[in-house]
Amino acid sequence: MYYKSTRDSSVNVSSAQAIAQGISVDGGLFVPSEIPSITMEDIKKLGGMDYRERAVFVFSKFLTDYSEDEITYCVEGAYNTKSFDSDNIAELAHLFDGTYMLELWHGPTCAFKDMALQILPYLLTTATKKINLEKKVVILVATSGDTGKAALEGFKDVEGTSILVFYPDNGVSAMQKKQMTTQEGSNVGVCAIKGNFDDAQNGVKAIFTNDEIKQQLDKNGFMFSSANSINWGRLSPQIVYYVSCYAQLLADGQIDEGEKINIVVPTGNFGNILAAYYAKHMGVPVNKLICASNANNVLTDFLTTGVYDRNRQFHATISPSMDILISSNLERLLYLLCGENDAQIREWFGALAQTGRYEVTESVKKALFDEFYAGCCDDEQTKATIKEYYDKFSYTCDTHTAVAVKVYEDYVKATGDTTKTVIASTASPYKFSGSVLSAIGKGTDMDEFDLVDELAQCSKLPVPDSLAALKTKSVRFDKVIDKSEMKDFVFETLGI
Ligand SMILES: *Cc1c(COP(=O)(O)O)cnc(C)c1O
């Protein structure tokens, strides 16, 4: 197994190289040369294992140049009860008959990004050793909230790395800001940007692609890499939990051998649902992949018409981690569906960059419509869904998960499908306490920690230690800079 680029099929690199590099030099994304298969016998065996053992099994199928010892080292470093509040790592909650919540937020920052960003530093530093890169890796992140904190927690004090995070000064929640500005660790830097997420993102991209900056870094023994979900080291850990949850359902007697399940995913950059697609094509029996969007419904339109058109109004919603108009991981799916035709991908993604629009071929449309169902809902519907589940099942979901729940309800109404279903729950409700409280009809005129206490009263869920501990932590990073000063901040932090 090797890795090729979606924009140049002749590229041939090891998984270590793909993970260290992040993105291919042609601007394409790395994909495995084939999708490895697993059998029902394998899945049955996995049912008797814990999350770490299942992870070692799945990783060894994709990272064939890593030794079993290296993979075990990465997995054990990442998925343990020092970082996760449950030894199951990903919890499977039974909501009602045949419907399950795959809770992916039991990690240190209370969002599903931890599932990948806890292990990425291990995969990355193991990769740089394997390919003898003697440079210190500098991770630059632009964040709208969840990715930045999860990356900081993953990379803090990891030898051979530095991590710098930029966030829009007025574009993250009070809790997210507190999480980032109080970050501990000797190799971290956090800085607010005057502007919005796009300004932060464009600033990071400009630094990444500036040859002069790269040369200066190189001279000083540094290299850039990416913790963004385009990195295969972030996508592969997400495949694990879909394989693991099927093995668990089977072991628990919830499903029969070979029985198909639906998977519902609240989607932004298309990384999480793409991981479910990979799990399906490895051999996990899946009926429909259900893609849920908020008011930024570019994917709903694409998956129902085959036309991708980002020329539309951007909506700031109560599920901000899904406020995305360009879903970068879609490129990997389309590459697979068009028969690994790199010229076709260059054409579509060239058109996307130039005009913001492309339309796929009839055969790709057919494959998309077969595999996926897509739907969306607005903030009012999201809130009504949080209230409905709170009242009916005493289950409190966060704003992102509620989008998935609502779209799943609509799917069942439209199709009458009774297939058992797993809904990916992507954040702890405590991360978005204000919106969740307002949805269940409570007042929200208080600071972020009182909101958490209030939500604890209502939901009876334990408050995650990591959020409770923020209350007494002091702010380490209070710098707010202009977009034009980002490069200076990078150099200053690295001591160049
Ligand atoms: C990032 C994120 C998403 C979207 O996931 P993608 O992989 O970008 O589709 C959904 N919910 C939460 C809470 C997130 O942080």
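Strands and helices here are DSSP runs, numbered from the N terminus, with at least two residues for a strand and at least four for a helix. With that in hand, hello everyone, and let's start with Thr6, which sits in the loop between strand β1 (3–5) and strand β2 (8–13). Please keep in mind that this is a predicted model.

So, is Thr6 buried or exposed? Thr6 is buried, because its relative accessible area is 0%, and the cut-off for buried is under 20%. Now look at what the side chain of Thr6 does. On one side, it reaches the backbone nitrogen of Leu29 at 2.9 Å. There is also a polar contact, at 2.7 Å, between the side chains of Thr6 and Glu331. If we set aside residues up to four places away in sequence, Thr6 touches Gly28, Leu29, Val31, Glu331, Arg332, Tyr335, Asp342 and Ile345.

Two of those names, Glu331 and Arg332, take us to a helix. Helix α14 covers residues 330–337, and helix α12 covers residues 271–282. How do the axes of these two helices meet? They come within 9 Å and cross at roughly 30°. From α12, the residues making the contact are Leu274, Tyr277 and Tyr278, while α14 brings Arg332, Leu333, Leu336 and Leu337. What kinds of residues are these? In the contact of α12 with α14 there are 6 nonpolar residues, no polar ones and 1 charged one. Notice that Arg332 turns up in both stories: Thr6 touches it, and it is part of the helix contact too.

Let's step just outside α14. Asn329 is in the loop between strand β12 (307–309) and α14. With a relative accessible area of 0%, Asn329 is buried. A polar atom in the side chain of Asn329 lies 3.1 Å from the backbone oxygen of Ser229. Which residues does Asn329 contact, leaving aside neighbours within four places in sequence? They are Leu29, Ser229, Ile230, Leu235, Asn269, Phe270, Gly271 and Leu274. You may recognise Leu29 from the Thr6 list, and Leu274 from the helix contact.

Asn269, from that same list of Asn329 contacts, leads us to the ligand. How many residues surround the ligand? There are 15, and the closest are Lys113, Asp146, Gly268, Asn269 and Thr426. Here are some distances to try in the viewer. An oxygen atom of the ligand is 2.7 Å from a polar backbone atom of Asn269. For Asn272, the distance from a ligand oxygen to a polar backbone atom is 3.0 Å. With Asp146, by contrast, the side chain is involved: one of its N or O atoms is 2.8 Å from an oxygen atom of the ligand.

On the far end of α14, we find Glu340, in the loop between α14 and α15 (342–355). What is unusual to look for in the backbone here? Glu340 has a positive phi, about 55°, although it is not a glycine. It counts as partly exposed, because its relative accessibility is 26%. Asn132 has a positive phi as well, near 55°, and it is also a residue other than glycine. You will find Asn132 in the loop between α6 (120–130) and β6 (136–142). Asn132 is exposed, with a relative accessible area of 59%.

Next, a quick visit to helix α1 (residues 15–21), where Gln21 sits. Gln21 is partly exposed, at 27% relative accessible area. Its side chain makes a polar contact with the side chain of Gln17, at 2.8 Å. Beyond its neighbours within four places in sequence, Gln21 is in contact with Phe30 and Ser225. How far is Gln21 from Lys431, counting between C-alpha atoms? The separation is 32 Å, for two residues 410 apart along the chain.

Last stop, the cysteines. How many disulfides does the structure hold? The number is 0. Take Cys397: the nearest cysteine sulfur belongs to Cys377 and is 11 Å away, whereas a disulfide needs two sulfur atoms within 2.5 Å. Cys397 is buried, since its relative accessibility is 1%. Cys458 is in no disulfide either, and the nearest cysteine sulfur, that of Cys397, is 14 Å away. At 14% relative accessibility, Cys458 also counts as buried.

That's my tour, and thanks for listening!

Conventions:
Residues numbered from 1 in each chain as written. Predicted model: local features only at pLDDT ≥ 70, side-chain atom pairs only at ≥ 80, totals over all residues. Heavy atoms only, no water. Buried < 20%, exposed > 50% of the residue type's maximum accessible area, 1.4 Å probe, protein only. Axes fitted to C-alpha atoms, helices over the stretch in contact; angles between N-to-C directions. Contact = heavy atoms within 4.5 Å. Nonpolar A, V, L, I, M, F, W, Y, C, P; charged D, E, K, R; others polar. Near = heavy atom within 4 Å. Polar contact = N/O pair within 3.5 Å; in protein donor to acceptor, adjacent residues only side chain to side chain.
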